[in-house]
Structure formats: structure tokens, C-alpha cells
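Q: I'd like a close look at one part of this protein before I get lost in the rest of it. Could you start with one helix and the sheet beside it, then work outwards?

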Amino acid sequence: MSRLPVVAVVGRPNVGKSTLVNRIIGSRAAVVESNPGVTRDRKNYAAEWNGKSFMVVDTGGWEVEGGELSEGIRTQAEVAVTAADLVVFVADATTVVTEDDIAVARLIQRSEVPHILVANKVDGPTQEMDLDRLWGLGLGTPHPVSALHGRNTGDILDLVASALPSVDPAALSEEQPPTIAIIGKPNVGKSTLLNHLVGSQRVLVSPVPGTTRDPVDEIAVIDDTTYTLIDTAGIRRAAKVDEPEEFYSVLRAKKALDRADVALFVVDGTSGVTHQDQRLADEVAASGCAVIVLLNKWDVVDTEQKAVTEDGVADRFAFLAWAPVLRISALTGSRTHRLGEAIALVLENREQRIPTPDLNRNIRRWQEAHPAPVRKGKRSRVIYAVQAGVAPPTIVMFIRGGELGPDYVRFLEGRLRRQYEMTGTPLRLVTRSRRRTHV
């Protein structure tokens, strides 16, 4: 399978890289905030210009000095440059050239990857007179733009498109791999799990909660099957979301659920199931994704805590009782070999179709053995049922005799799950009233 050309956008912190990326892709997918360091991992976005499709990689701000997090960001940027077909180096035209600018320029020169030097924050022609200092970077002509206002960004895109190799669309696979969202509260090991499954240090891993700000997509092969993995920012309770960039990270994590086929719901086995986990589980259950619950860090959990965590899963995740539970260690890889089989199972169940005659025959049998309770002097009854869709399986039941009641709907769901293989998939039961017609 051919791949799309890759454009890596690099530069020191707060020069407008993510703003330029949003201009290129035509949406506000990348988190943009005035505070430096918002972008930490490298993130891939699809883009198209003048009939040419390519991938844009947004990277974290490069800093020579800094702690462990800065070192990880530098590593991510280096990987992005190495893997790119074209590098767009973004510099701030309103400030002097810094040591960080020079360090990024030397990295690009050593890589020998084709590059374009972009002088950002040039809002008008008068500021173009101040670009002489950027020639000293040794990267050729600085091209003035204002990513914030869109000035000259079309010209940059023309340069990008002309510098990229052409790809025959027919050579690209039309079939998209299933998407898996790795979900959980901050610091439970989501990024560690993604890195283990991908087989590289793809996402920054830090003991500081909240390291991941944007959902990050990556292709991984698990048991000879290709998947798209999304590492999401840890979802916190609304009262704890006090930074604008974190608010948008939480929003994007929830959107990741909307486009995912499977949610790997990661719980920290050392702390057990918290109220925050329970609230997040509500979001996961309502998303329609297939779900696998992962109790992470199981290799360092003592016997007493294991019992507490398992009891918490049974109690607080009772509404997710249909989801398989795996006990793993993302750090060491212990028991992660079981993930491939579990993912394949829940995906298959999510696409399951029940023949209409078989469905109605079983519902009649269950109703005869256990009729619905009488409500307001009437006993409701399912007179006909049909599966209206898959992903997740959705069954419409036509009712006569008043409301069926949520307790009896749960009873029917339980019977359906016993009768058919529905491990790991939500099941939606929709009721419709059907009144008698009189001639």
C-alpha cells in the first residue's frame, strides 16, 4: 500500500506552529493557546491542496534547555523530521533568532530533508523588511506569513504541494482500519500502552498528569490486524478543568469516542475504581463503542488491592458488565498479548446481525415465560421486533399496551445477551408504540 507524503511542521515553542497547521488542514483540530508548550506529542492530520493529498505532522516546541518533558518533545520532533518528506520550519519574525531556532535549523540541515522556512507573524508588508536575520539560519529564503490572519498561507501551501511527490490515489487502500480509542483519567498509563502496542516511543510518557493534550493517531498491527490507535488526553471532572487548553483536550477526547469502534478503558489498578472512573465509564457506555476494561499496573498491585479493585469494577461498572476485563501491565507488556483476541471479538460482536424470525421467536418465548408487569391496569407486550442497524446492534421493538418500562427492557437485554454473543458491545433497544386501528 502506498502512503501519503508527510509534512512535518517544526520550530521552537510559541511561534505559531499549531495555528499554521490549522490553516493548512482547514480546521481547528490542533490545540492553540498563547501559553508555550501546549503541543507535546507529534500529531498527524490529513490535508489536501491543489489536488494533492498529504499528512501534516504538528510537533511540540523545540527547546535546548528544559527538563525531562522538553527532552521528550525534542525526541518527538527529531522523529518527525526523520520520517518526513518535507519539513516546514516556523520562525517568529517579530523576535530575534534564538539558540532554539538555531538548534532546529541544524537538525534540519543534518537530516537533508527538503524544507521550507516560514517567517510567521508578519501581518503586513512593512514587517517583511525585518526578515534579514532569518537568512542566517542557513535554510534559504524566509517566506513571510501570518498564520493567525491567513496572510500568504496559500502561497506556502503552493510551495508545499509543489515540493511533495505525487501519489496515485488508486494505490492507496480505500479500506480504513478499525479505530481504537485509549480512554481513561490522567496518568493511568494510556500513552505507555499506546507506545507498547506501536512498538516505539510514539507518545510522551511522563509521571506528570496531563502530558497528553491532543488525541494522537497511530497505526499499529496487533495479531496481524491493522488498527488506528488514538491516545487521548486524560478526561477529568469538569470542576478540575481550569485551563483553556485542557478544556479543549477533554472535548477532543470525547470526540475521539464518537469516531472510535473500540474503547480501551484504562483504569489504574493501584488506586482502584474511582468516582471519576465511573463518570467516564458513563461517557464510554453512551458512545456506542465496543468496550474493553483494562486494569493497568496489575504487576505492582498487592493481593488486598487487587480484591478492592475487582470489587470496584463489579460495583461501579455494573452497567458495563458486558465489557470484558483484562488485567495488564502496559509498562512491562504483561498479558497485553490477550488484547488482539479481545479486540477482534468485540468488533465482531458489534457488527452482529440477528435474523428477524429468530429474534421474534425468542422474544415471544421470553414474554410467555416472564410477562411484562402490569402498569396502570395494562400489560404491555412486544408484538414485533427487528434489528435496525449494527455498530452497535440496534433493535426496534414495537409495543402494544402502554409503556414497556425500563426494568423490562433491561430484562430483555439480559436475555438477548445470554442468547447471542454480545460480549464487549453495547446493545440499543428502542421501543415504539403501536396502537390498534379501528375500521
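Which strands does helix H11 (residues 406-419) lie across, and at about what angle does it run to S17?

A: Before anything else, keep in mind that this is a predicted model. In it, helix H11 lies across S15, S16 and S17, and runs at about 135° to S17.

Now for the sheet under that helix. It is an open sheet of three strands in the order S15-S16-S17, with mixed pairing. Strand S15 (381-389) and strand S17 (428-433) sit at the edges with a single partner strand each, so one side of each has no neighbour in the sheet. On average, neighbouring strands here are turned by 25° against each other, ignoring direction. If you want to trace the pairing by eye, go to S15 and strand S16 (residues 394-400), which pair in the antiparallel sense over seven bridges. A handy landmark is Tyr-384, whose bridge partner in S16 is Phe-398.

With that sheet in hand, have a look at the other open sheet. This one has six strands in the order S2-S3-S1-S4-S5-S6, and its pairing is mixed as well. Its edge strands are S2 (43-49) and S6 (142-144), each pairing on one side only. The twist from one strand to the next averages 30°. At the S6 end, strand S5 (residues 115-120) and S6 run parallel and are joined by three bridges. Ala-119 stands opposite Pro-144 in S6.

Helices pack here too. Helix H1 (residues 17-25) packs on the six-stranded sheet and touches S1 (6-10), S2, S3 (52-58), S4 (86-92) and S5, with its direction at about 160° to that of S3. Helix H3 (residues 99-111) lies across S1, S4 and S5 and runs at about 165° to S4.

H3 turns up again in the largest nonpolar core. That core has 26 residues, and Val-10 and Phe-89 are the ones that touch the most other members. S1, helix H2 (68-83), S4, H3 and S5 each supply at least two of its residues, and H3 gives the most, with five. For a feel of how Val-10 sits, skip its neighbours within four places in sequence: its contacts then are Lys-17, Thr-59, Val-81, Val-87, Val-88, Phe-89, Val-90, Val-104 and Ile-108. Apart from this core lies another one, of 24 residues, including Val-188, Leu-294, Ile-328 and Ala-330. As a general point, nonpolar side chains in soluble globular proteins tend to be buried together.

Next, strand S10 (residues 262-268). Seven of its seven residues are buried, so the strand is largely enclosed by the rest of the structure. Val-262, Leu-264, Val-266 and Asp-268 point one way, while Ala-263, Phe-265 and Val-267 point the other way. S10 is joined to strand S7 (residues 179-183) by four bridges, and the two run parallel; there, Ile-183 stands opposite Phe-265. S10 also pairs with strand S11 (residues 290-296), in the parallel sense over seven bridges. In that pairing, Val-262 has Ala-290 in S11 as its bridge partner.

Last stop is helix H7 (residues 275-286). At 1.5 Å a residue, its 12 residues should span 16 Å, and the end C-alpha atoms are 17 Å apart, which agrees. Asp-277, Leu-280, Ala-281 and Val-284 are buried in H7. Seen down the helix axis, the buried residues fall within an arc of 110°, so they line one face of H7. Just after H7, Gly-288 takes a positive phi of about 90°.

One residue to look at alongside H7 is Phe-319, which is found in the loop between helix H8 (303-316) and strand S12 (325-327). Leaving out residues up to four places away in sequence, Phe-319 touches Gln-278, Ala-281, Asp-282 and Ala-285. Phe-319 and Ala-285 are 34 residues apart along the chain, with their C-alpha atoms separated by 8.1 Å. Phe-319 is partly exposed, with a relative accessible area of 34%.

Definitions and conventions
Residues numbered from 1 in each chain as written. Predicted model: local features only at pLDDT ≥ 70, side-chain atom pairs only at ≥ 80, totals over all residues. Heavy atoms only, no water. Pairing = 2+ DSSP bridges. Axes fitted to C-alpha atoms, helices over the stretch in contact; angles between N-to-C directions. Contact = heavy atoms within 4.5 Å. Expected span 1.5 Å × (residues − 1). Buried < 20%, exposed > 50% of the residue type's maximum accessible area, 1.4 Å probe, protein only. Arc of directions from axis to C-beta. Core = buried A, V, L, I, M, F, W, Y, C linked by side-chain atoms within 4.5 Å.
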